Amino acid sequence: MNANQRQPALEPNDLERLLVERQHAGDIDGMTALFEPDAVIDCSDGRFIRGHDAIRAFYVEFAATGRKFARGEQRPALISGDLALTSTKLPDGDVTSEVARRQSDGTWLWVIDRYSVT
């Protein structure tokens, strides 16, 4: 999918939905584009990855497993100025937590993503 055709995250809670949709569509570049260039992901397996190159490589590795992200129960974002805390309770009981930042164009991108806080 062309980057100009991708829907931006207009609200912090759009990010989770867009991530799952893009993962199911096989759009790894689109998944990576939901993060700021220097974003950090805690993969919950002892790995911390930083930056678009590492995030993209992580999603390529994940896609090779054939597993798909599941939609969970997303909590309303907690917003303070240009920062937002997002979280989702996944069907397996894990809870994610993320920090998003409003960009200069009004869209939102994640800066920190923790796959499991449980």
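The lining of the largest pocket splits into 11 nonpolar, three polar and 10 charged residues. That is the picture in a predicted model, and it's a handy place to start. The pocket itself, the largest one, comes to about 520 Å³. Its lining counts 24 residues, and the ones nearest the centre are Phe 62, Arg 67, Phe 69, Leu 90 and Tyr 115. As for which parts of the fold do the lining, at least two residues each come from helix H1 (14-24), helix H3 (52-64), strand S6 (95-102) and strand S7 (108-114).

Two of those contributors, S6 and S7, are strands, and they turn up again in the pairing pattern. S6 runs antiparallel to strand S5 (residues 83-89), with seven bridges between the two. One pair to look at is Thr 86, whose bridge partner in S6 is Glu 98. S5 and S6 make up a hairpin with five residues in between, and Gly 93 in that turn takes a positive phi of about 95°.

On to the next pairing: S6 also goes antiparallel with S7, this time over six bridges. Here Ala 100 has Trp 110 as its bridge partner in S7. Again the two strands form a hairpin, with five residues separating S6 from S7, and the turn holds Gly 106 at a positive phi of about 90°. So far as side chains go, a general point helps when reading such ladders: in a regular strand they alternate between the two faces of the sheet.

Then there's the second largest pocket, with about 160 Å³ of space. Its lining is made of 12 residues, and Pro 8, Ala 9, Ala 33, Leu 34 and Leu 109 sit nearest the centre. By type, the lining of this second largest pocket breaks down into seven nonpolar, three polar and two charged residues.

Pro 8 and Ala 9 also come up in the surroundings of Asp 14: setting aside neighbours within four places in sequence, Asp 14 is in contact with both of them. Asp 14 belongs to helix H1, and H1 is one of the elements that supply at least two residues to the lining of the largest pocket. Is Asp 14 buried or exposed? Its relative accessible area is 16%, so Asp 14 counts as buried, the cut-off being under 20%.

Definitions and conventions:
Residues are numbered from 1 along each chain as its sequence is written. This is a predicted model: local features need pLDDT of at least 70, side-chain atom pairs count only at pLDDT 80 or more; totals for chains, interfaces and linings use all residues. Side-chain values use heavy atoms; hydrogens and water are left out. On a 1 Å grid over the protein atoms alone, a cavity is a set of points where a 1.4 Å probe fits but cannot get out, and a pocket is an open set with protein on both sides within 12 Å along at least five of seven lines; lining residues have an atom within 4 Å of a point. Grid points are joined across faces, edges and corners, and a volume is the space filled by probe spheres set on the points. Helices (H or I, at least four residues) and strands (E, at least two) are DSSP runs, numbered from the N terminus. Ala, Val, Leu, Ile, Met, Phe, Trp, Tyr, Cys and Pro count as nonpolar, Asp, Glu, Lys and Arg as charged, and the others, Gly among them, as polar. Two strands pair if DSSP finds at least two bridges between them. Buried means under 20% relative accessible area, exposed over 50%, partly exposed in between (1.4 Å probe, protein chains only). Contact means heavy atoms within 4.5 Å.
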